[in-house]
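User: Hey, I've got a structure open and I'm not sure how to read it. Can we go through it together?
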Amino acid sequence: ISLEAAMFSAVREGEFLLYYQPIVDARTREIEGFETLMRWKHPTLGMVPPARFVPIAETNGLINLLGAWALKSACVQLKQFQEVAKRNLYISVNISPRQFRNDKFLDVLDDAIAFSGLPGEQLVLEITEGTLMIDPAHAETILTKMAERKARIAIDDFGTGYSSLAYLKRFPISVLKIDRAFIRDLPGSQKDGAICNAVLDLAKHLDLSVVAEGVETDEQLAYMAQRGCKYIQGYLTGKPMAAATAIAALNERT
Ligand code: G
Ligand code: G
Ligand code: MN
Ligand code: NA
């Protein structure tokens, strides 16, 4: 049977799960939050990566169901993480273009917040430039309503989409996540260095926080930290991990 057909039964069988990747303070490497990343544990295929199933779910609409489940589960999971850490953390959740444009999206968001009891300010919603640009007027309406709920908006893969910078002025955005393509060749690449510096400068003047994604080496971390990047995410400071492993990591550091 096709992967697509298998996905429907996978939802019923509870084969989808969430992994969590730490987002850390660039200076102290203290965990500040986690990005939620979906996984499919197929009984015979093993771990199916989201690069394979998210595009299918985006096409057939299953992403709405999966995304609603992920958002709610992530908010509930964060409460447990916070109990272990004995301090506030935040949870960052990817929202696909189709989810963002779904009529029920704000209801899904309200349900996740109400069910978990998580304050909206501890939730970050990651969207790409592409998601914003499909229909900027609609995006403005939804983003404004998200901001009313105190949820923060992060631009994922910043710098890789087709968009104008005008949206940074128009929309209530709080976080820029620098795509790992710009981090990979640091500190050697002058061009990537120039791009990262420009993003950090822009963010500073627009009062946005910056997360450097895909940080794999101490040198990359040092490069970004020295230039004022406050948050780091990457294999260096933590791979995407199961909730139990994340709890162990939090215990280790507290
Ligand atoms: O974890 P991994 O590197 O395999 O993730 C690959 C991609 O899958 C991510 O860049 C992201 O776009 C997508 N993805 C992972 N989890 C989610 C999720 O919960 N919702 C959505 N919409 N996309 C996700
Ligand atoms: O597109 P998005 O940023 O949502 O997805 C993040 C993706 O990046 C996930 O698939 C995650 O597994 C991957 N990732 C996270 N940290 C690193 C890293 O340090 N190096 C590489 N190559 N990939 C990473
Ligand atoms: Mn992301
Ligand atoms: Na990204």
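Analyst: Sure. Let's start at the end of one helix: H9 is followed by Asp207, whose phi is positive, near 60°. Keep in mind that this is a predicted model.

User: Why bring up a positive phi?
Analyst: Because most residues other than glycine have a negative phi. Asp207 has a positive one and is not a glycine.

User: OK, where does Asp207 sit, and is it buried or exposed?
Analyst: Asp207 is in the loop between H9 and strand E8 (209-212). It is exposed, because 7 other C-beta atoms lie within 10 Å, and the cut-off for exposed is 12 or fewer.

User: Which other residue has a positive phi without being a glycine?
Analyst: Arg29 does, with a phi of about 60°. You'll find Arg29 in the loop between strand E1 (16-25) and E2. Arg29 has 16 C-beta neighbours inside 10 Å, so it counts as partly exposed.

User: And what about peptide bonds, where is there a cis one?
Analyst: Look at Leu186 and Pro187: the bond joining them is cis, with omega about -5°. Pro187 belongs to the loop between strand E7 (175-178) and helix H9 (190-206). In general, most peptide bonds are trans.

User: Back to H9. How many residues does it have, and what span should they give?
Analyst: H9 has 17 residues, and at 1.5 Å a residue they should span 24 Å. The end C-alpha atoms are 24 Å apart, so the two values agree.

User: Which of its residues are buried?
Analyst: Cys196, Val199, Leu200 and Ala203 are the buried ones in H9. Looking down the axis of H9, they fall within an arc of 100°, so they line one face of the helix.

User: Why would residues spread along a helix point the same way?
Analyst: An α-helix has 3.6 residues a turn, so residues three or four places apart point the same way.

User: Nice. What covers that buried side, and what's on the face turned away from it?
Analyst: The cover over the buried residues of H9 includes strand E6 (152-158), E7, E8 and helix H10 (218-226). On the face turned away you get exposed residues: Gln190, Lys191, Ala194, Ala198, Asp201 and His205.

User: What does helix H11 look like in that respect?
Analyst: In H11, residues 243-253, the buried residues are Ala246, Ala249 and Leu250. They cover an arc of only 100° around the axis, which puts them on the same side of H11. E1, E2 and H3 are among the elements covering them. On the other side, Ala244, Ala248, Asn251 and Glu252 are exposed.

User: Switching topic: what's around ligand 1?
Analyst: The residues surrounding ligand 1 include Thr36, Leu37, Met38, Pro49, Pro50, Ala51 and Val54. Strand E2 (31-42), helix H2 (50-60) and helix H3 (62-85) each give two or more residues to that shell. By class, the shell has eight nonpolar, four polar and no charged residues.

User: And how many residues surround ligand 2?
Analyst: There are 13 around ligand 2, and the closest are Gly214, Glu216, Gly234, Tyr235 and Pro240. That shell divides into four nonpolar, four polar and five charged residues. So Pro240 turns up in both lists: it is one of the closest residues to ligand 2, and it is also in the shell of ligand 1.

User: H3 came up in there. Is Cys75 in it buried or exposed?
Analyst: Cys75, which is found in helix H3, is buried, because 25 other C-beta atoms lie within 10 Å. Leaving aside neighbours within four places in sequence, Cys75 is in contact with Ile91, Ala112, Ile113, Ser116, Leu118 and Leu123. Cys75 and Gly120 are 45 residues apart in sequence, and their C-alpha atoms are 9.7 Å apart in space.

User: Last one: what about the whole protein?
Analyst: It has 11 helices and nine strands, and buried residues make up 39% of its 254 residues. A compact globule with 254 residues would have a radius of gyration near 18 Å, and the protein has 18 Å, so that agrees. Its C-alpha trace spans about 50 × 45 × 35 Å along the principal axes.

Key:
Residues are numbered from 1 along each chain as its sequence is written. Chains are lettered from A and ligands numbered from 1 in the order in which they are written. This is a predicted model: local features need pLDDT of at least 70, side-chain atom pairs count only at pLDDT 80 or more; totals for chains, interfaces and linings use all residues. A residue is near a molecule or strand if its C-beta atom, placed from the backbone, lies within 6 Å of it. Ala, Val, Leu, Ile, Met, Phe, Trp, Tyr, Cys and Pro count as nonpolar, Asp, Glu, Lys and Arg as charged, and the others, Gly among them, as polar. Helices (H or I, at least four residues) and strands (E, at least two) are DSSP runs, numbered from the N terminus. A residue is buried if 20 or more other C-beta atoms lie within 10 Å of its own, exposed if 12 or fewer, and partly exposed in between; C-beta atoms are placed from the backbone. The expected span of a helix is 1.5 Å times one less than its number of residues. The arc is that of the directions from the helix axis to the C-beta atoms. Two residues are in contact if their C-beta atoms, placed from the backbone, lie within 7 Å. The radius of gyration is taken over C-alpha atoms; the globule rule is 2.2 Å times the number of residues to the power 0.38.
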